[in-house]
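Student: I should like to understand how the terms used to describe a protein structure are justified. May I put some questions to you while we look at one together?

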Amino acid sequence: MAKTETVTLDAAPRSWLPPLDGGTALMALLIGFMGFYVLYPLILIIINSFNTATIAEPPVYDLKAWREAFSEPGIWRSLWTSVKIGVMLQLLAMPVGIFTSWLLARTNILFPNALEFGFWISFFMPSLATTFGWMLMLDPSTGLINAWLRQVPFLSGLNFDIYSFAGIVFVHLVGNGLSTKVMLMTPAFRRMDASLEEASRMSGASALTTLLRITVPAMTPVIVVVFLLSVIRIFSSFEIELLLGVPWGFYVYSTKIVDLARQEPPLVSHAAALGSIILVFLAIFIPVQRKLISRRHFTTVTGQFKPKIIDLGVWRYPATAFLMAVVFVIDVVPLLSVLGGSFMTRFGFFNLPRTWTLEYWKMALNDPRILQGLHNTLIVAVSAGLIGAFVFSLIGYILVRTKLPGRGILDAICWLPSAIPGVLSGLGLLWMFLGTPFFRPFYGTIVLLVVAQVLGGITLATQILKANFVQLGKELEESSRMSGAGFWRTYLRIVFPLMAQTMVMVGVIKFMFAAQHNSAIILLATSETRTLSLLALDQIAAGYREVASITVILITVLTLGLAIVARSFGLKVGIRGD
Amino acid sequence: MSYLRIQKLFKTFGQVTAVNHIDLNVAEGEFFTLLGSSGCGKTTTLRMVGGLEKPDGGEIHLGDQCLVAPAKNLFIKPEKRNMGMVFQSYALWPHMTVFENVAYPLKLRGIKGAQAARKVSEVLGQVGLAGLEERPAPALSGGQQQRVALARALVFSPKVLFLDEPLSNLDAQLREEMRRELKSLQQRVRITVIFVTHDQIEALSLSDRIAIMKFGVLEQVGTPEDVYFRPATPFVRDFLGKTFLLPGKVSALSDDKIQVAVQGVGAASLAVPRANVIGATNGFPAVGQGAMVAIRPEQVDLSGRSRDGEMNVVEAKLQATQFLGDRYEYTVTLGSETRVLVSPASQGLKAGDRVWLELKPEGMTLWPAEK
């Protein structure tokens with residue numbers, strides 16, 4: 001009898017908590033896997049910046065690459081240019097974004113929901129579409145707007161050249177620069193306790209004074225978070241600079257790295273030296289950023305939702321007109337111009353005998369390169385979506401729900417990719433696949449692209465999942481455990497089905513990232529594994545604008561279209577105010 | 001002429017009529033309370049006076065100034081009305097210290113430097129927060145935040161002070177303490193106060209006059225004693241405190257009394273003073289008509305000795321008795337109603353006993369029978 005009892009006592013805790021060794025092993029596995037996945041390529045970059053041999057040769061370590069890289073002024077200039085673009089963009093986007101969010105969330109402008117949807121569209125629209133759409137408008141010689149300006153008396157001297165510093169900043173702003181801020185800040189503005197503003201009005205302050213002295217300062221924590229999230233992306237931007245800067249020899253940090261790695265002979269160790277500098281910068285900045293973001297000075301955004309809004313009086317009409325103009329510029333112009341580009345015999349030439357044509361669509365739909373690009377895009381994006389949703393939901397669950405040691409480390413590793421420019425992870429993965437015998441057979445296959453793109457958007461995905469796990473009632477899982485189910489059974493039978501909707505959304509986000517972003521895969525793809533968006537970059541560079549329009553439309557339909565479907569499943573973006 | 005005059009004030013939210021043509025007059029220096037359950041329109045009325053909500057119709061005047069009149073397209077913005085308000089959530093600005101919160105209205109009025117500092121410390125002293133100037137606002141306790149909100153609303157000597165359920169977020173003990181302080185503060189600074197609450201104790205204890213609202217309409221306006229002892233409508237009667245309701249028939253009339261035979265509580269007959277008849281119109285009361293006698297539990301004396309047949313005595317059943325140290329509580333059932341009576345002395349009674357209740361004539365009110 002006594003012996004049986006001992007056995008029961010031993011077994012009891014095992015069925016309640018995940019077996020201690022099992023949990024620790026799982027944690028060790030995840031940290032090891034994610035650490036290898038995220039950190040190892042970066043370490044390779046630093047090591048190889050001291051390696052002057054080519055990838056295939058045995059390594060030779062010296063400081064030659066560093067010396068050469070930094071005796072060339074172009075490298076320093078590209079870094080400085082990245083900073084200048086980032087600063088300029090934030091100087092414009094932050095105030096406009098704050099003002100727009102306030103208008104959308106706190107005032108009685110007309111059509112607030114439709115206008116907010118306009119920013120939502122812009123947020124999910126591939127930057128390729130915005131960039132290309134505005135290229136068709138603002139090309140100095142063929143751009144539609146410039147062509148029109150030449151015909152207007154007195155304005156014929158005006159010419160907006162999109163291939164310029166100002167052009168790049170403008171496209172950043174209308175691409176995601178503004179809409180990201182509006183998407184993140186509007187919900188927070190909406191949840192702010194309206195009586196804070198009312199108390200200011202009663203104290204004798206006008207609506208404008210209240211906005212500047214009360215609303216914006218009270219929203220500082222949210223504004224700081226949005227600012228920090230944006231600042232760290234300075235070094236990540238890629239497509240816009242590639243399309244608008246490289247043609248006139250204007251390089252930023254990310255395009256410079258690609259240029260160094262792709263020139264003949266490739267200067268990969270120079271690229272690695274340049275990348276290492278950014279890694280050092282990030283190693284200092286990321287902990288500061290995390291600390292600032294996690295520190296909560298004060299809670300302004302209370303749970304209670306008070307739909308009291310500010311009456312703008314006669315200003316409600318100009319304010320609405322302003323937002324409509326912004327939405328027109330960020331959504332309507334690029335979409336229409338890309339669409340027009342695909343159906344016009346020659347884009348912008350309305351006086352040709354045959355202005356409109358279906359020729360390019362017929363050509364494109366029979367073009368094996370486009371079909372292969374579509375095929376590749378679907379493989380990469382669907383894999384990224386599926387793997388991402390499963391792996392990151394498990395990570396999110398472990399971070400929120402378990403007390404396993406090492407959660408802080410895992411959380412930090414998942415935070416990293418948001419800060420690491422795609423070009424750098426691509427460069428690191430290139431080394432990993434070429435330099436490690438075990439991985440070498442995969443080089444040149446589409447597996448590389450999948451591996452690179454699964455990382456994209458992991459921070460956003462983990463944050464969304466974490467937020468949702470926190471909301472999921474713990475009792476639901478505990479009752480499963482009390483009923484006798486173990487950790488894995490509870491996860492698969494209770495948590496997984498309950499979180500299905502969130503996982504679908506995470507999968508969709510991963511899919512969109514993978515289908516839109518090029519910076520991580522541009523160094524890894526070959527002409528056989530090229531995705532649609534890489535193909536579009538090549539087509540634009542080669543000057544096939546009409547066909548490029550069609551590729552861009554396909555990408556837009558794949559990503560924005562999916563986002564709209566996901567929206568009906570409740571896809572939401574925003575910062576939780578607390 | 002009254003100080004604050006509200007005329008035919010009207011406001012709808014979509015299909016819902018929040019405030020339905022109310023008229024109110026508040027005298028200068030008066031502590032005036034809007035009392036009602038949530039959704040009755042009391043806060044909306046307050047916000048319209050403050051300018052935070054625009055009425056759909058009617059007018060509001062303060063002194064000789066018209067604040068809002070939609071018909072004349074006249075609306076004075078809240079910041080121009082010079083009125084102070086304490087919000088239910090206190091609405092302290094989290095990015096400012098106590099001093100900065102309280103000094104904000106002064107700054108907007110061009111009062112700065114030493115003069116502002118003197119005023120702030122004076123008003124903080126009045127609310128009992130002297131010396132806390134440099135604390136960040138969110139670092140204070142609920143009761144302290146409440147006092148800062150009060151100081152901020154008072155610092156610029158507003159014409160009217162609005163209090164929107166200011167005590168509802170405090171715990172019971174603190175609420176009682178704040179209630180007393182609020183009253184003494186108002187008496188010291190002699191400011192006109194409009195107070196919104198759903199708590200009848202707060203309303204009765206603080207107010208000079210009370211307006212009881214229901215579905216956007218004023219049910220009764222009067223002093224606390226008025227509305228408590230002489231409720232004008234069944235709603236007011238049932239909203240303020242507990243009452244026994246005894247249905248019966250008018251059996252005889254005299255010059256100063258109405259005799260009512262009540263059913264189901266012994267062969268009792270009640271004599272209600274004629275002055276206590278509510279709604280004496282349309283030939284009510286007349287012999288043979290259905291009627292209701294209402295009385296507060298505190299106007300009832302309980303006795304365990306049989307008093308069958310006596311005037312104004314009814315028979316009831318004792319359900320439970322509880323000893324609370326300084327008093328006894330008796331739960332009695334009278335007709336269809338169960339109420340708690342309080343008595344200082346033990347009468348050796350136990351649950352299930354028959355008891356006799358003497359209803360004090362001055363406490364009884366007579367109402368037409370309810371359909």
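Student: What is the handedness of the crossing of α4(A) and α8(A)?

Tutor: The crossing of α4(A) and α8(A) is right-handed. Please keep in mind that this is a predicted model.

Student: Why are α4(A) and α8(A) called oblique to each other?

Tutor: The axes of helix α4 (residues 73-106) and helix α8 (residues 165-191) of chain A cross at roughly 40 degrees and come within 7 Å. Angles under 35 degrees would count as roughly parallel, and 65 to 115 as roughly perpendicular. The angle of roughly 40 degrees falls in neither range, and α4(A) and α8(A) are therefore oblique. As for the residues of this contact, 18 are nonpolar, 6 polar and 3 charged.

Student: At what angle do helix α17 and helix α24 of chain A cross?

Tutor: Helix α17 (residues 368-401) and helix α24 (residues 500-516) of chain A have axes that cross at roughly 140 degrees and come within 7 Å.

Student: What makes α17(A) oblique to α24(A)?

Tutor: Here the relevant limit is another one: an angle must be over 145 degrees to count as roughly antiparallel. Roughly 140 degrees does not reach that limit, and this makes α17(A) oblique to α24(A). The crossing of α17(A) and α24(A) is right-handed.

Student: Which residues meet in the contact of α17(A) with α24(A)?

Tutor: On the side of α17(A) they include A:T377, A:V380, A:G385 and A:F392. On the side of α24(A), A:M503, A:G507, A:K510 and A:F511 are among them. By class, the contact of α17(A) with α24(A) has 13 nonpolar residues, 5 polar and 1 charged.

Student: How do you know that β1 and β2 of chain B are paired strands?

Tutor: Pairing requires at least two bridges between the strands. Strand β1 (residues 4-13) of chain B is joined to β2(B) by 8 bridges, so the requirement is met. The two strands run antiparallel. One bridge partnership is that of B:I6 with B:L24 in β2(B).

Student: What makes β2 and β6 of chain B the edges of their sheet?

Tutor: The open sheet has 5 strands, in the order β2-β1-β4-β5-β6 of chain B, with antiparallel pairing. Each of β2 (16-26) and β6 (74-75) has a single partner strand, so one side of each lacks a neighbour in the sheet.

Student: How many bridges join β18 and β19 of chain B?

Tutor: There are 7 bridges between strand β18 (residues 328-334) and strand β19 (residues 337-343) of chain B, and these strands run antiparallel. Within this pair, B:V332 stands opposite B:R339 in β19(B). The hairpin of β18(B) and β19(B) has 2 residues between the strands, and B:G335 takes a positive phi near 60 degrees.

Student: How many residues of chain A are in contact with chain B?

Tutor: 17 residues of chain A are in contact with 19 residues of chain B. Both α9 (194-203) and α10 (207-218) of chain A supply at least two residues of the side that touches chain B. The largest share, 7 residues, comes from α9(A). The side of chain A that touches chain B comprises 8 nonpolar, 6 polar and 3 charged residues.

Student: Into which domains is chain B divided?

Tutor: Chain B consists of domain 1 (4-238) and domain 2 (242-368). Their centres, taken over C-alpha atoms, are separated by 39 Å. In chain B, 4 residues of domain 1 are in contact with 4 residues of domain 2.

Terms used
Residues numbered from 1 in each chain as written. Chains lettered and ligands numbered in written order. Predicted model: local features only at pLDDT ≥ 70, side-chain atom pairs only at ≥ 80, totals over all residues. Domains from an automatic or database assignment. Contact = placed C-beta atoms within 7 Å. Helix = DSSP H or I, 4+ residues; strand = E, 2+ residues; numbered from the N terminus. Nonpolar A, V, L, I, M, F, W, Y, C, P; charged D, E, K, R; others polar. Axes fitted to C-alpha atoms, helices over the stretch in contact; angles between N-to-C directions. Left-handed = near helix turned anticlockwise from the far one by under 90°.
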